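Thanks for coming. I will put the structure up and then go through it piece by piece.

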Amino acid sequence: MAPDLNAQTAKDMQQARDKVSFDLQTIRDHLFADRRNWESFEQIERILRKEPVFDKSSRDFIGRIEAYKRALAITKRLTELQRLHQWTSEQAAQAGRILSEALPITLHDLAFEPVLLGQGSTDLVDQYWELVANKGIQGCYLQTELGHGTNVARLETTATYLPETEEFELHSPTLTSTKWWIGALGKTATHGIVQAKLILPRGKDVGPHLFLVQLRSLEDHSLCPGITAGDVGPKAGGGSAALDNGFARFDHVRIPRKNMLSKFATVTQDGRYIQPQNPKHSFGGMMYIRASMVTTAGWTLARGITIAIRYATVRRQGEPDDRGLERQVIQYPSTYYRLLPILSYSYVFIALGHQTTKSFTALTERIGQGDLGYLAEIHAMLCGLKVLVSTETINGLETARRALGGHGYSMFAGIGRIYADYLPAATYEGDNFVLDGQVVRAALKSYNLLVSTPDRPLGLHSSYLRLLRTGTLNRPVISAMMWQEHAAIIYLLEWRAALSVKSAAQNSDHPDAGINHRLSKAVTEAFVATQVGAMVSDLNQLSPNEASALKDLYLLYLLTTAEAALVDLLAFGLLQRVPDQTHPTRDLRAAINVVCLRLLPNAVGFTDAFSFPDWSLDSALGVSNGRVYEELWKRAQLEPLNQTDTTPGYEESLKPMLAEGRRIASLTKSRL
Ligand SMILES: Cc1cc2nc3c(=O)[nH]c(=O)nc-3n(C[C@H](O)[C@H](O)[C@H](O)COP(=O)(O)OP(=O)(O)OC[C@H]3O[C@@H](n4cnc5c(N)ncnc54)[C@H](O)[C@@H]3O)c2cc1C
């Protein structure tokens with residue numbers, strides 16, 4: 001008798017869990033950076049799961065307006081719970097991650113609040129802080145315009161200072177000056193921080209500055225006089241439907257002088273402009289957002305890969321074995337080769353997120369004390385990290401979705417929604433290809449300084465350049481064994497970055513079109529590789545089983561990064577074949593397979609450690625008990641089209657069309 005495919009799914013999942021070699025709680029603590037963070041996660045999850053407003057069962061079937069209203073209801077309850085349980089901002093962020101919903105409030109927390117805090121004067125922050133912290137007002141950040149996004153210097157919105165009334169007048173002089181794409185502006189925000197060209201009394205334009213503007217009445221939420229605003233419309237792939245990305249135009253809107261965010265630059269009562277000591281001070285807001293994007297990317301990828309690995313574990317296809325069981329699709333090399341690297345990327349990005357947040361906090365303290373030493377370098381590295389994590393997360397999600405076969409295209413699979421929501425991360429907070437340019441500029445500057453002053457100390461982010469100091473370090477020694485050593489691969493990736501920068505500097509008169517992207521990738525991957533080295537060293541605190549499983553995961557990250565860098569490694573002569581040995585590229589690929597095979601029995605365990613409850617993961621294919629077919633069946637029954645036997649539209653369209661077709665067919669037949 002053929003095995004019961006449905007019952008087999010739960011057995012496969014249980015068997016996969018039985019094979020896991022490590023203690024789940026230890027890996028969980030590692031992921032959450034601390035047992036207390038995990039406990040807090042668990043506590044928050046228990047609170048959230050009881051709330052009917054967070055139920056996701058109907059969200060695949062609702063339209064935009066309902067989705068938006070649902071998002072507001074979620075936001076309201078989330079805010080009440082935060083107050084009730086006195087969650088810290090980190091705990092509130094954790095609640096947001098567990099919920100995993102695209103909510104307008106995100107922009108208040110991620111963009112409005114940090115920019116106001118980081119760049120507003122003490123008086124302005126004092127005036128608004130309680131309102132901002134208690135969500136008595138809802139904020140957004142209005143920079144991008146219809147005509148310009150990347151080129152901030154060419155923004156057209158003006159803020160003209162009027163000394164007679166001590167006010168700024170905000171104005172949108174052209175259609176193309178309309179603020180566009182602004183998250184939460186369309187319908188939700190009451191206030192916004194507007195990026196506008198500051199025009200001084202005698203008409204001098206001193207470029208874009210930030211201004212706090214009330215957009216909507218706090219009485220009835222109607223738009224304030226002189227402001228036209230609305231939603232920009234549906235987004236690609238139906239992504240972020242509940243988010244009201246909006247447009248706004250200002251018609252001579254007046255705001256008081258103190259509403260200019262003037263921590264670093266200010267305008268005096270009589271209209272004199274006091275310049276910032278260092279214009280780079282104003283990078284703070286963007287840097288905060290980019291730093292938090294590393295963590296977000298890690299957890300987003302974690303969701304996608306949990307679904308894919310669980311499904312690939314219970315999905316069976318192929319020739320049946322002697323028990324009549326087909327092969328679990330995760331056992332196919334072409335499947336695990338696609339999925340396990342994504343798992344490794346999610347672990348690396350989550351750990352990198354912890355490190356980045358720590359460095360950013362330390363940097364903010366140093367800036368507060370007036371030390372801008374490494375600011376430019378850290379800014380460039382955050383740009384590089386933003387590019388790397390968003391690119392890899394988008395690619396990883398789509399790879400994971402395709403690995404699900406046809407069912408991956410179903411909304412019930414869950415990855416399609418995550419992908420559509422996450423997709424614009426490649427564009428917002430700086431288009432990835434534009435940010436590449438900033439990484440490259442900083443790298444070339446560090447290189448030129450090194451050439452002119454060889455003894456100059458190098459920062460953490462450019463330490464790979466030490467390899468170019470003459471007579472210091474040798475090129476890597478190539479052998480098949482090196483692919484098993486984290487340090488050797490890190491060294492290789494650092495060499496690739498150093499030689500990429502050197503080559504770009506020496507050929508700067510004739511750059512090729514792809515140089516920025518390649519160089520930015522090389523430099524950022526070298527930095528991430530050194531961070532992975534630090535992660536590996538930290539594993540010594542763990543017991544051998546857990547340490548060795550995580551070491552393999554980090555090794556896979558390094559190996560697949562090296563594999564993707566093969567063109568550079570070969571072009572720079574870093575991987576030359578040693579006589580009588582196999583080619584290093586072959587050894588590298590063999591090593592990837594070996595480490596994948598070692599990781600395979602732990603794959604489900606690694607995804608369990610992310611600890612996504614089923615209600616939060618919201619995926620028919622990612623259910624933790626493996627019963628994917630039952631779940632798919634259950635969800636398809638909820639499809640509104642299935643609620644009536646005769647389909648809507650039958651009477652007006654389908655019935656007459658079928659009848660007409662039959663009539664014509666019968667005429668043709670009679671003529672024959
Ligand atoms: C979902 C979503 C949410 C957003 N939320 C906000 C928000 O809350 N607030 C806000 O202010 N903005 C927001 N934005 C806008 C976002 O920041 C901009 O889209 C982004 O900065 C890119 O600008 P752009 O769209 O004008 O693209 P463009 O600058 O027109 O870029 C178009 C193309 O040209 C290339 N390009 C442009 N300039 C250069 C250059 N110098 N060198 C090389 N290549 C270049 C880019 O790589 C890109 O491929 C959001 C956008 C999206 C999609």
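How do the axes of helix α10 and helix α12 come together, and at what angle do they cross? This is a predicted model, and in it the two axes come within 9 Å and cross at roughly 145°. Helix α10 covers residues 375-402 and helix α12 covers residues 432-452. The crossing of α10 past α12 is left-handed.

Which residues make that contact? On the α10 side they are Ala376, Glu377, Ala380, Cys383, Gly384, Lys386, Val387, Ser390 and Thr391. On the α12 side they are Asn432, Leu435, Asp436, Gln438, Val439 and Ala442. By class, the contact of α10 with α12 has seven nonpolar, five polar and three charged residues.

Keep α12 in mind, since the ligand brings us back to it. The shell around the ligand has 21 residues, and those that come nearest are Gln143, Thr144, Gly149, Thr150 and Pro424. Four elements each supply at least two residues of this shell: α6 (105-119), β1 (139-142), β4 and α12. Which of them gives the most? That is α12, with three residues. The shell divides into 10 nonpolar, 10 polar and one charged.

Now the domains. The protein chain is divided into domain 1, which is 1-6 + 280-639, and domain 2, which is 108-127 + 137-277. Their centres, taken over C-alpha atoms, are separated by 36 Å. Where they touch, domain 1 contributes 12 residues and domain 2 contributes 14 residues. On the domain 1 side, α8 (284-314) and α11 (415-422) each supply at least two residues. The most comes from α8, with five residues. That side of domain 1 splits into five nonpolar, five polar and two charged residues.

Why does the ligand lie between the two domains? Domain 1 and domain 2 both give residues to the shell around the ligand, so the shell lies between them.

On to the strands. One open sheet has three strands in the order β4-β8-β7, with antiparallel pairing. Its edge strands are β4 (179-182) and β7 (227-231), each of which pairs on one side only. From one strand to the next, the twist averages 20°. How many bridges join β4 to strand β8? There are two, in the antiparallel sense, and β8 covers residues 246-250. For Lys179, the bridge partner in β8 is Ala248. As noted for the ligand, β4 also supplies at least two residues of the shell.

The last item is a second strand pair. Strand β5, residues 191-199, and strand β6, residues 205-214, pair in the antiparallel sense over eight bridges. Within this pair, Lys197 stands opposite Pro208 in β6. The hairpin of β5 and β6 has five residues between the strands. What is particular about the backbone of Gly203 in that hairpin? Gly203 takes a positive phi near 90°.

To recap the link between the parts: α12 packs in a left-handed crossing with α10, and α12 also gives the most to the shell around the ligand, with three residues. That is the end of the walk-through.

Terms used
Residues numbered from 1 in each chain as written. Predicted model: local features only at pLDDT ≥ 70, side-chain atom pairs only at ≥ 80, totals over all residues. Axes fitted to C-alpha atoms, helices over the stretch in contact; angles between N-to-C directions. Left-handed = near helix turned anticlockwise from the far one by under 90°. Contact = placed C-beta atoms within 7 Å. Nonpolar A, V, L, I, M, F, W, Y, C, P; charged D, E, K, R; others polar. Pairing = 2+ DSSP bridges. Domains from an automatic or database assignment. Near = placed C-beta within 6 Å.
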